[in-house]
Amino acid sequence: MRQKDILGLYGLEAGEIEEILSLGLTMKGLLKEGKKTLPDLAGKSVTTLFYENSTRTRCSFELAAKYLGAHVVNLSVATSSVQKGETLIDTGKTLDAMRCDVIVIRHPVGGAPKLLADTVRAHVINAGDGMNEHPSQALLDMLTMKEHLGTIKGRKVAILGDIRHSRVAKSNLYGLKKLGAEVTMYAPKTLMPVGLDQMGAKICSSREEAVEGADVVMGLRIQLERQKAGNFPSLGEYAKYYGVNEEVMKYAKPGALVMHPGPVNRGVELTSSLIDGDSSKIEDQVLSGVAVRMAMLKLLTEGDCQ
Amino acid sequence: MILRAANVVLKDGVKKCDIRIADGRIAEISPAGKGKGSAESVLECQNLTVFPGLIDMHVHLREPGFEKKETIETGAMSAVKGGFTQVCCMPNTKPVIDNKIVVSYIKAREKEVNLCKIHPIGAITEGQKGENLAAIGGMKAAGAVAISEDGKTVVNTKLMANAMLYAADFGLKCLCHCEDASLVDGGVVHEGYYSTLTGLKGSVRAAEDIVIARELCLAESLGVPVHICHVSTYSGVQLIREAKARGVQVTAETCPHYFTLTDEIIKDFDTNTKVNPPIREERDRLAIIEGLKDGTLDCIVTDHAPHHADDKNVEYNFAAFGISGLETSFALSYTQLVKGGALTLEALAQKMSAAPAQILNLEGGEIKVGAPADLAIVDLNEEWVIDPNEFASKGKNTPFAGRKVYGKVKYTLVNGEIKYQN
């Protein structure tokens, strides 16, 4: 891989995405066989630098790095102290001075990983920046689709939920379009940003229209704070008018995959029966996550001098 | 002193003239070659153009309180380097300019620095807190030329109405920063395609327009004048145009970045593009130029907002708002508006000198016999590349670094004295 960093799918070419997915599938196969002691990152150090709370993404990156034999350090920085404490650039320089090979950063501000990447020698992986991108999540979603559907090209993916605040929706949009899929989106107008149609999404005016003929139906998490900010009256009303249930799923292709980046609000974005149903790939996405992150770490570092 | 054979930008056109300066004032304007003065010093201006000294009615000089960003001295050096002979400084200092003592301090620093004329703008409310009116009468007596809440809108409409009425008693205008904070809601860029692309929080035009509309309603209803700061939206231009057509006493300003840039420049997260109000879309940019052409927008200001590199070299949301503008304003305006065919040289001089003088009742703004010899002498043909490292201002924060422009200030004269030469 030619890139020093993986900051988003906007900046990756289709071939690079395919390369990550292909190695990711291999990694997933190994994980399923219980092979968790691989040598690819032996002697390398990986730091996770999280300015936002996260359980699964950080855990997933940490395990991915450890399965590849890397040393892993976790740095947590409370969001509230970001502005008062050391600047991001100074933190990056410090990690660089410690000969850290890869920095995995999550940050509440869009563009923060780029600022870090422009400063440090280490590889930077964006683990989610504000409302900008979450490339590893989109890659794990695409890996899951590829595994279960065979191909992504020509497939139709419906994304429903809080699109406005979602870095996941955008990274998926960029990646899926590059691999030739069709992407439809639906959200309350208060949670739909402008301009996604110009980026290739089909913005729909109903759940049914979005889901019509879909191979994949993806729900996005609704944060309770969005309700408090007045974007919709209540979670109950959201579920009733915007949530995905069995009735809505009838419009999708039979056996369409049900996905969600998690954590799920049961009965809000998706009904419990869909979450627990045969078509749900939500748990499988988690395993894809570790596998795709292993692929990202290996591909980024494999050209480095020892 | 004689300025010999200059292209002089007079109110009614550009003429080849000699200008004789005596006792700090323009003593004589005569056809080129006719200006007498054998014993006097002569400044040959054959290929140069003489503008009335530029006046910027919206700058931030940061002193007192934020001398790391700028001082009155470096700000004034920056002003004269940009061809400005008079600047009006906003009150968001520390302490806030909300009483005669701070006004007097700035006037004292103006004299010590002795470069350009500096006119303080007082806050509308004490401490810019939006609660009690600041000591408007006292500030006027000490030298304040207007009042402004600067960077904020006075949220309480009744208080704003009182401010406009009370200020009018003292012949002062309210300069209104128009921003509905609840609608901006933490937005840092214009809401549109590029806010979605970057994931940076957007702010809609309505956040600016709503308050423009409110200030226009107040001015109309109360029968007092009002001035709208840094208009950035096409819809705001239209609101002002319609109000002017109805006879509302409104004047308005815009800045070079609003008629030169569009929001595409945020896509690389360069914090030098972060400014309030945000840089908007092409339709806004075109409407701003149209507004300057048809007189809806009276003047060009810089909103010169110098910052230290530490204030900008951080994540976009945490970076300070503002552009260091004094040293690029003339060249950007000339390149974009005159070379772009929107304005004549006389019209540009009107926007950058005569209009702000009229709006704030300042002496100057026109080249005529008897006026102070405040002049900007420019080589319009010189092409140069904007390099912030060459700024006299402490603030190197500009989104225009590397841009090619035309029009280089060669001399700036204040009261007949050369305060800058290149």
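With 14 C-beta neighbours inside 10 Å, Glu208(A) counts as partly exposed, because a residue in that class has more than the 12 that would make it exposed and fewer than the 20 that would make it buried. The model in which Glu208(A) sits is a predicted one. Glu208(A) lies in helix H7 of chain A, which covers residues 207–211. Not counting residues up to four places away in sequence, Glu208(A) touches Val248(A) and Tyr251(A). Ser45(A) is 163 residues from Glu208(A) in sequence, and the two C-alpha atoms are 47 Å apart in space.

## Two other residues

His148(A) belongs to helix H5 of chain A, residues 135–149. This residue is partly exposed, with 15 other C-beta atoms within 10 Å. Leaving aside neighbours within four places in sequence, His148(A) is in contact with Leu257(A) and Lys281(A). His148(A) and Lys281(A) are 133 residues apart in sequence, while their C-alpha atoms are 9.1 Å apart in space.

In chain B, Ala245(B) is part of helix H8, which runs over residues 234–246. Is Ala245(B) buried or exposed? Ala245(B) has 9 other C-beta atoms within 10 Å and is therefore exposed. Its C-alpha atom is separated by 31 Å from that of His119(B), and the two residues are 126 apart along the chain.

## The two chains

The table sets out some overall values for each chain.

| Chain | Helices and strands | Extent of the C-alpha atoms along the principal axes | Buried residues |
|---|---|---|---|
| Chain A | 12 helices and nine strands | about 55 × 45 × 35 Å | 51% of 306 residues |
| Chain B | 13 helices and 18 strands | roughly 65 × 45 × 45 Å | 59% of 422 residues |

The radius of gyration can be set against the value for a compact globule. For the 306 residues of chain A that value is near 19 Å, and chain A has 19 Å, which agrees. For the 422 residues of chain B the globule rule gives 22 Å; the radius of gyration of chain B is 20 Å, close to that value, so chain B is as compact as a globular protein of that length.

Contacts along the sequence can be described as well. In chain A, among contacts between residues at least 6 apart in sequence, 75% join residues at least 24 apart. For chain B, 75% of the contacts between residues at least 6 apart in sequence likewise link residues at least 24 apart.

## Helix packing within the chains

Two packed helices are described by the angle between their axes and the distance between the axes. One pair is in chain A: H5(A) packs against helix H12, residues 282–301, at an angle of about 115°, with the axes 8 Å apart. The crossing of H5(A) and H12(A) is right-handed. On the H5(A) side, the contact is made by Ser136(A), Leu139(A), Leu140(A), Asp141(A), Leu143(A) and Thr144(A). H12(A) contributes Asp284(A), Gln285(A), Ser288(A), Gly289(A), Ala291(A), Val292(A), Arg293(A) and Met296(A). By class, this contact of H5(A) with H12(A) has six nonpolar, five polar and three charged residues.

Another pair is in chain B. The axes of helix H12 (residues 329–338) and helix H13 (residues 345–360) of chain B come within 11 Å and cross at roughly 135°. That angle makes H12(B) oblique to H13(B), and their crossing is right-handed. From H12(B), the residues in the contact are Ser333(B), Tyr334(B), Leu337(B) and Val338(B). H13(B) supplies Leu345(B), Leu348(B) and Met352(B). The residues of this contact of H12(B) with H13(B) divide into six nonpolar, one polar and no charged.

## Where the chains meet

How many residues does the contact take from chain A and from chain B? Chain A gives 22 residues and chain B gives 15 residues. On the side of chain A that touches chain B, the elements that give two or more residues are helix H3 (88–97), helix H4 (112–119) and helix H6 (167–178) of chain A. The largest share of that side, three residues, comes from H4(A). By class, the residues of the side of chain A that touches chain B are nine nonpolar, nine polar and four charged.

Conventions: Residues are numbered from 1 along each chain as its sequence is written. Chains are lettered from A and ligands numbered from 1 in the order in which they are written. This is a predicted model: local features need pLDDT of at least 70, side-chain atom pairs count only at pLDDT 80 or more; totals for chains, interfaces and linings use all residues. Two residues are in contact if their C-beta atoms, placed from the backbone, lie within 7 Å. Helices (H or I, at least four residues) and strands (E, at least two) are DSSP runs, numbered from the N terminus. Ala, Val, Leu, Ile, Met, Phe, Trp, Tyr, Cys and Pro count as nonpolar, Asp, Glu, Lys and Arg as charged, and the others, Gly among them, as polar. Axes are lines fitted to C-alpha atoms, for helices over the stretch in contact, and angles run from 0 to 180 degrees between N-to-C directions. Angles under 35 degrees count as roughly parallel, over 145 as roughly antiparallel, 65 to 115 as roughly perpendicular and the rest as oblique. A crossing is left-handed if the near helix is turned anticlockwise from the far one by less than a right angle, and right-handed if clockwise. The radius of gyration is taken over C-alpha atoms; the globule rule is 2.2 Å times the number of residues to the power 0.38.
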